[in-house]
Amino acid sequence: KIAVAKGAQVTVLSTSPGKKEAAMAMGATSFLVTTDAEAMAAGKGSLDIILDTVSANHDVRPYSGLLATDGKLVMIGLTTEPLQYAGAALLFARQTLTGSLIGGIKRTQEMMDFCCANNVYPDVDVVGAKEIMTCLKRLKEKNDTAKRFV
């Protein structure tokens, strides 16, 4: 939503085709299922930046093919295992693999101010403490929600 509000064309990458409707409703201009080999081939070299928000161990190597020359893969989600990446993409396509946390209090406040000024709000499902285990199980087994459980 923030990238859309800043004027970017946004492609959502997901392993879950069922998230397409929610992604488009949030302003995405396109949706790519990363488990679909044909879709991944069609998206080759089409992205300038990928913000990887997955907070679980996963293979990021397929993303290098989606990045254009000078493209950047920015890891925002925390993984516990070392990443593997295509060395040739780093060298020949001049791709960058980097990471970022929140950027500090000043940058966080700037983003909060931007979101308020542009009516950008998170999509959440508010749940009670008794529902936490059900939510965690749902995320692990289905990963079928585009919202965050709060």
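I started at N119, which counts as exposed at 58% relative accessibility. My cut-offs: buried is under 20% relative accessible area, exposed is over 50%, and partly exposed is in between, with a 1.4 Å probe and protein chains only. N119 sits in the loop between α6 (104-117) and β6 (124-125). Its phi is near 55 degrees, a positive value in a residue other than glycine.

**Ground rules**

I am working on a predicted model, where local features need pLDDT of at least 70, side-chain atom pairs count only at pLDDT 80 or more, and totals for chains, interfaces and linings use all residues. Residues are numbered from 1 along each chain as its sequence is written, and side-chain values use heavy atoms, with hydrogens and water left out.

**Second positive phi**

I looked up R94 next. R94 is not a glycine, yet its phi is positive, about 55 degrees. Most residues other than glycine have a negative phi. Where does R94 lie? I found R94 in the loop between α5 (87-92) and β5 (96-99). R94 is partly exposed, with a relative accessible area of 47%.

**Elements and overall form**

I listed the secondary structure. The protein has 7 helices and 7 strands. Helices (H or I, at least four residues) and strands (E, at least two) are DSSP runs, numbered from the N terminus. Read from the N terminus, the order is α-β-α-β-α-β-α-β-α-β-α-β-α-β.

Then I checked the dimensions. The C-alpha atoms fill a box of roughly 50 × 35 × 30 Å along the principal axes. The radius of gyration is 17 Å, which agrees with the value near 15 Å for a compact globule of 150 residues. That radius is taken over C-alpha atoms, and the globule rule is 2.2 Å times the number of residues to the power 0.38.

**Surface, burial and charge**

I noted that buried residues make up 24% of the 150 residues. The protein exposes about 10,400 Å², and carbon and sulfur atoms supply 58% of that area. These areas come from the Shrake-Rupley method with a 1.4 Å probe; for residues, only the protein chains shown count as cover.

I also looked at charge. There are 17 positive and 15 negative charges, and their mean positions are 2 Å apart. Lys and Arg count as positive, Asp and Glu as negative; His and the chain ends are not counted. Each charge is placed at NZ of Lys, CZ of Arg, CG of Asp or CD of Glu.

**Cores**

Which residues form the largest nonpolar core? I found 12: L32, M40, L47, I50, V60, Y63, L66, L67, L73, M75, Y85 and A89. Two elements, β3 (47-52) and β4 (67-75), give two or more residues to this core. The largest share, 3 residues, comes from β4. Apart from this core lies another, of 5 residues, including V10, A23, A28 and F31. A nonpolar core here is a set of buried Ala, Val, Leu, Ile, Met, Phe, Trp, Tyr and Cys residues joined through side-chain atoms within 4.5 Å. In soluble globular proteins, nonpolar side chains tend to be buried together.

**Contacts**

I count a contact when heavy atoms are within 4.5 Å. What does M40 touch beyond its neighbours within four places in sequence? I found L32, V33, T34, P62 and L66. For the protein, I looked at contacts with a separation of 6 or more; residues 24 or more positions apart account for 39% of them.

**S30**

I turned to S30, in strand β2 (residues 30-33). S30 is partly exposed at 27% relative accessibility. Not counting residues up to four places away in sequence, S30 touches V10, T11, V12 and M24. I took M112 as a distant reference: S30 and M112 are 82 residues apart in sequence and 26 Å apart in space, C-alpha to C-alpha.

**Exposed nonpolar side chains**

Is L101 buried or exposed? L101 is exposed, with a relative accessible area of 78%. I located L101 in the loop between β5 and α6. L101 and L78 are 23 residues apart in sequence, and their C-alpha atoms are 9.2 Å apart.

I105 lies in helix α6. I105 counts as exposed at 76% relative accessibility. The C-alpha atoms of I105 and A89 are separated by 34 Å, with their positions 16 residues apart along the chain.

I closed with L91, in helix α5. L91 is exposed at 65% relative accessible area. L91 and D70 are 21 residues apart in sequence and 10.0 Å apart in space, C-alpha to C-alpha.
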